[in-house]
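This briefing introduces a single protein chain to a reader who has not met it before. Please keep the sequence and the structure in view while reading.

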Amino acid sequence: MSAMEREIPQKVAKYTAKDSVFTDMFKRLPFLLQMYQSLHPEDHTTGEEDLKIVTLQNILVNQMYNDLGFLVKGRLIILVECQSIWAINIILRLFLYLAQTYKDYISENHLNVHSRTKLALPKPELYVIYTGSPFPNMPEEISLADEFFGGDKSVADVKARVIYDGREGDIINQYCTFTKVYKEQIRIHGWTRKAARETIRICMERDVLREYLKDREKEVIDIMSTLFDQESAMKAWEYELTHELAQAQTQVVQFQKQAAQFQKQAAERELANAYKLYKKGLSIESLSDVFGIPVQTLRQSFADYKDI
């Protein structure tokens, strides 16, 4: 086992792609508070002690987990997902994350859903931070009812605000800038540790996530390098899959050619047999009924035959 593997927590091996710089940074209260302040700049009284992380953890491989979830003063649940590739199914996942988060909240607070008294639940806020390439008609908000049920107001609905850059200088804006630098360095240096180091150097020079990167430079490089390793493995897997698919397609084409050749030979044998019977006195109309070959086809084919 390598030094890097020893330093990465056990849970990372189960879902390394989710243990990104985003999740690592915002599981730390000082940065989580900055996230909340970016979402609610009007609130000047909430402090670190008022925040509680409720991110769903993937203890077992088949359990759901999300990027970030936190409770604010017991009255507000905020779920945030960071996406580098746009997929509208994120609103469905957020719906499921919210349901599971409420289930955990009810259990931890010993609430009785069968009680006749209405339960007091924290208000939900859902967000998607999109760091990928621009695309046409990028939405400011997405809705489960709109996207999956044609806007039917009679069905359950959840909505999520979509954030692309954040406000200048806030923690969300800095993270989005970090991802842009990161992608540019990968373009220059490939999936290497040098790309990770250059990303951190450039960001610190620009005062982007400086406080976080300054204290966790080695850990961040390890996280990014682990993702690089994953990406390399994924590319190798994709290459192998593509190669196997190409081979399969070649085999299909060969089979189709063989099948076509077999059909052609079978058709030629049928015509030859029909011609023999024609020479023995059977009418073309009778042969058409027997062999299921159109009369015109038989006439055209027989014209090309020499006596057999």
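Helix α7 has its N-terminal end capped by D170, a side-chain oxygen of which lies 3.1 Å from the backbone nitrogen of I172. The model is predicted. The points below take up this helix, then the chain as a whole, and then selected residues and pairings.

**Helix α7**

- Helix α7 comprises the 19 residues 171-189, and its end C-alpha atoms are 26 Å apart. At 1.5 Å a residue a span of 27 Å should result, so the two values agree.
- The buried residues of α7 include I171, I172, N173, Q174, Y175 and C176. Further along the helix, F178, T179, V181, Y182, Q185 and I186 are buried as well.
- As background, an α-helix has 3.6 residues a turn, so residues three or four places apart point the same way.
- After α7 comes G190, which has a positive phi, near 75 degrees.

**The chain as a whole**

- The secondary structure consists of eleven helices and six strands.
- The chain has 308 residues, and buried residues make up 37% of them.
- Of the contacts between residues at least 6 apart in sequence, 59% join residues at least 24 apart.
- The chain has an accessible surface of about 18900 Å², and carbon and sulfur atoms account for 53% of that surface.

**T131, a loop residue in contact with α7**

- T131 is situated in the loop between β4 (123-130) and β5 (141-143).
- The relative accessibility of T131 is 10%, and this residue therefore counts as buried, the cut-off being under 20%.
- Leaving aside residues up to four places away in sequence, T131 touches C82, Q83 and S84, and also Y175, C176, T179 and K183. Among these partners, Y175, C176 and T179 are buried residues of α7.

**A nonpolar surface patch**

- L92, L96, F148 and F149 make up a nonpolar patch on the surface, and their accessible area together is about 330 Å².
- The elements giving two or more residues to this patch are α5 (90-108) and α6 (144-149).
- F148 belongs to helix α6. Its relative accessible area is 33%, so F148 is partly exposed.

**Salt bridges**

- In general terms, side chains of opposite charge can pair when their charged atoms come close. The whole structure contains 13 salt bridges.
- D24, K27, R28 and R216 are linked in a network of salt bridges.
- Within this network, K27 pairs with D24, and their closest N and O atoms are 3.7 Å apart. R28 also forms a salt bridge with D24, with the closest N and O atoms 2.9 Å apart.
- Is D24 buried or exposed? D24 counts as buried because its relative accessibility is 3%.
- The two partners named above are both partly exposed: K27 has a relative accessible area of 37%, and R28 has one of 25%.
- R193 and D222 form a salt bridge through their side chains, at 3.3 Å from N to O. R193 lies in helix α8 (residues 193-205) and D222 in helix α9 (residues 210-279), so this pair ties together parts that are 29 residues apart in sequence.
- R193 counts as partly exposed at 33% relative accessibility, whereas D222 counts as buried at 9%.

**Residue pairs separated in sequence**

- R193, in helix α8, also has a C-alpha atom 5.8 Å from that of S225, although the two residues are 32 residues apart in sequence.
- Q100 is placed in helix α5, and with a relative accessibility of 24% Q100 counts as partly exposed.
- Which distances separate Q100 and Y65, in sequence and in space? Q100 and Y65 are 35 residues apart in sequence, and their C-alpha atoms are 9.5 Å apart.

Key:
Residues are numbered from 1 along each chain as its sequence is written. This is a predicted model: local features need pLDDT of at least 70, side-chain atom pairs count only at pLDDT 80 or more; totals for chains, interfaces and linings use all residues. Side-chain values use heavy atoms; hydrogens and water are left out. Helices (H or I, at least four residues) and strands (E, at least two) are DSSP runs, numbered from the N terminus. The expected span of a helix is 1.5 Å times one less than its number of residues. Buried means under 20% relative accessible area, exposed over 50%, partly exposed in between (1.4 Å probe, protein chains only). A polar contact is a pair of N or O atoms within 3.5 Å; within protein, one must be able to donate a hydrogen and the other to accept it, and residues adjacent in sequence count only if both atoms are side-chain atoms. Contact means heavy atoms within 4.5 Å. Accessible areas come from the Shrake-Rupley method with a 1.4 Å probe; for residues, only the protein chains shown count as cover. Patches are made of residues with over 30% relative accessible area and no salt bridge: like charges are joined within 9 Å, nonpolar side chains (Val, Leu, Ile, Met, Phe, Trp, Tyr) within 5 Å. A salt bridge is a side-chain nitrogen of Lys or Arg within 4 Å of a carboxyl oxygen of Asp or Glu.
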